[in-house]
Amino acid sequence: ERHFQAYREYVKSFDGVVHDHSLGKYARTIHPYVVQTPHFPQHPASMGYRNIVAVSYAQAKWLRQHSSSWNIPVIHHGIDLRRFTFKAEKEGYYLFFSVMAEYKGAKHALRLAKETGETFIFAGRNGDMTDIIRSCGLPNVKFLGEVSNEERARLFANAKAFVFPTGAFGECKPPWLEVFGLVMLEALASGTPVICSDNGACPEVIEDGEVGFVCRSYEEMREVVEEGLVEDISPEKCRKY
């Protein structure tokens, strides 16, 4: 909404189809040919969506629950590999990089650090877990908060694994659907395996046992960390995948 004026000026004379990634309220009012990709589990009717391209089959399934007559194509996200640095030799820390919020699994990532004693780095935007993580007092936890794109690439490249308990294994309220999880691609592009929950699109993005581990419970995720199972995952395979 903050950028709507500039957006409107740009697209009002655009000769083509607008692929809108905003909240979807405005694009259809300023251009006749629009397809929309929602990035959160928003109710399609309330947002006024009409022509939707989903980013995962999990998201498409959720959208069809609201309108079974819709034909919703799926195109998975992609990223620019040039923005991420592949590194085969890793440092000894696990990385949580996301919103510092319970719905993204920050609470479970902190619990992993407490119970396993492994080194964890937390980076990303502020959320309801920011103050708790910042002040946790654990010597094996480093809180960075928001970082530059360059620092993000460095963190992903050097991490032993990326930890993503998104959806908090069904414990967060209201429930959270991970419609894709771009950070998982950013980790893989860096040659870094992913340890994630089975929420939403995660099983679509991560091939379990090949480029990471898709965990159905917190206990399963803790076992993966405690046993160091990511040591058997090839960084080269992650990048190629």
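These exercises work through a predicted model, each with a stepwise solution.

**Exercise 1. The nonpolar core**

Task: Find how many residues the largest nonpolar core has, and which of them have the most contacts inside it.

Solution:
- Step 1. Count the core. The largest nonpolar core has 54 residues.
- Step 2. Pick out the residues with the most contacts inside this core. They are Leu 95, Phe 122, Phe 162, Met 184, Ile 195 and Ile 206.
- Step 3. Ask which element gives the largest share. Helix 8, residues 182-189, supplies six residues.
- Step 4. Look for another core. A second, separate one has six residues, including Tyr 49 and Leu 63.
- Step 5. Take Ile 206 as a case. Setting aside neighbours within four places in sequence, Ile 206 is in contact with Met 184, Leu 188, Val 194, Cys 196, Val 211, Gly 212, Phe 213, Val 214 and Tyr 241.

In general, nonpolar side chains tend to be buried together in soluble globular proteins.

**Exercise 2. Surroundings of helix 8**

Task: Work out why helix 8 is largely enclosed by the rest of the structure.

Solution:
- Step 1. List the buried residues of helix 8. They are Val 183, Met 184, Leu 185, Glu 186, Ala 187, Leu 188 and Ala 189.
- Step 2. Set this against the helix length. Seven of the eight residues are buried, so helix 8 is largely enclosed.
- Step 3. Name what the buried residues pack against. The strands are strand 3 (93-97), strand 6 (161-164) and strand 7 (194-197). The helices are helix 7 (149-158), helix 9 (202-205) and helix 11 (235-240).
- Step 4. Look at what follows. Gly 191 comes after helix 8 and has a positive phi, near 80°.

**Exercise 3. Cysteines**

Task: Find how many disulfides the count comes to. Then decide whether Cys 196 is buried or exposed.

Solution:
- Step 1. Recall the bond. A disulfide joins the sulfur atoms of two cysteines covalently.
- Step 2. Apply the cut-off: the two sulfur atoms must lie within 2.5 Å. The count comes to zero disulfides.
- Step 3. Check Cys 196. The nearest cysteine sulfur belongs to Cys 202 and is 4.4 Å away, and Cys 196 is in no disulfide.
- Step 4. Check accessibility. Cys 196 has 0% relative accessibility and counts as buried. Cys 136, at 24%, is partly exposed.

**Exercise 4. Two helices that cross**

Task: Describe how helix 5 (residues 106-116) and helix 10 (residues 218-226) cross.

Solution:
- Step 1. Take the axes. The axes of helix 5 and helix 10 come within 10 Å and cross at roughly 50°.
- Step 2. Classify the angle. It makes helix 5 oblique to helix 10.
- Step 3. Assign the hand. The crossing of helix 5 and helix 10 is right-handed.
- Step 4. Name the contact residues. Helix 5 gives His 108, Arg 111, Leu 112, Glu 115 and Thr 116. Helix 10 gives Tyr 218, Glu 219, Met 221, Arg 222, Val 225 and Glu 226.

**Exercise 5. Backbone in a loop**

Task: In the loop between strand 6 and helix 8, examine Ala 168, Phe 169 and Pro 174.

Solution:
- Step 1. Recall the background. Most residues other than glycine have a negative phi, and most peptide bonds are trans.
- Step 2. Read phi for Ala 168. The value is positive, near 55°.
- Step 3. Read phi for Phe 169. This value is also positive, near 55°.
- Step 4. Check burial. Ala 168 is buried at 1% relative accessible area. Phe 169 counts as buried at 19%, given the cut-off of under 20%.
- Step 5. Turn to Pro 174. A cis peptide bond joins Lys 173 and Pro 174, with omega about -5°.

Technical notes. Residues numbered from 1 in each chain as written. Predicted model: local features only at pLDDT ≥ 70, side-chain atom pairs only at ≥ 80, totals over all residues. Heavy atoms only, no water. Core = buried A, V, L, I, M, F, W, Y, C linked by side-chain atoms within 4.5 Å. Buried < 20%, exposed > 50% of the residue type's maximum accessible area, 1.4 Å probe, protein only. Helix = DSSP H or I, 4+ residues; strand = E, 2+ residues; numbered from the N terminus. Contact = heavy atoms within 4.5 Å. Axes fitted to C-alpha atoms, helices over the stretch in contact; angles between N-to-C directions. Parallel < 35°, antiparallel > 145°, perpendicular 65-115°, else oblique. Left-handed = near helix turned anticlockwise from the far one by under 90°.
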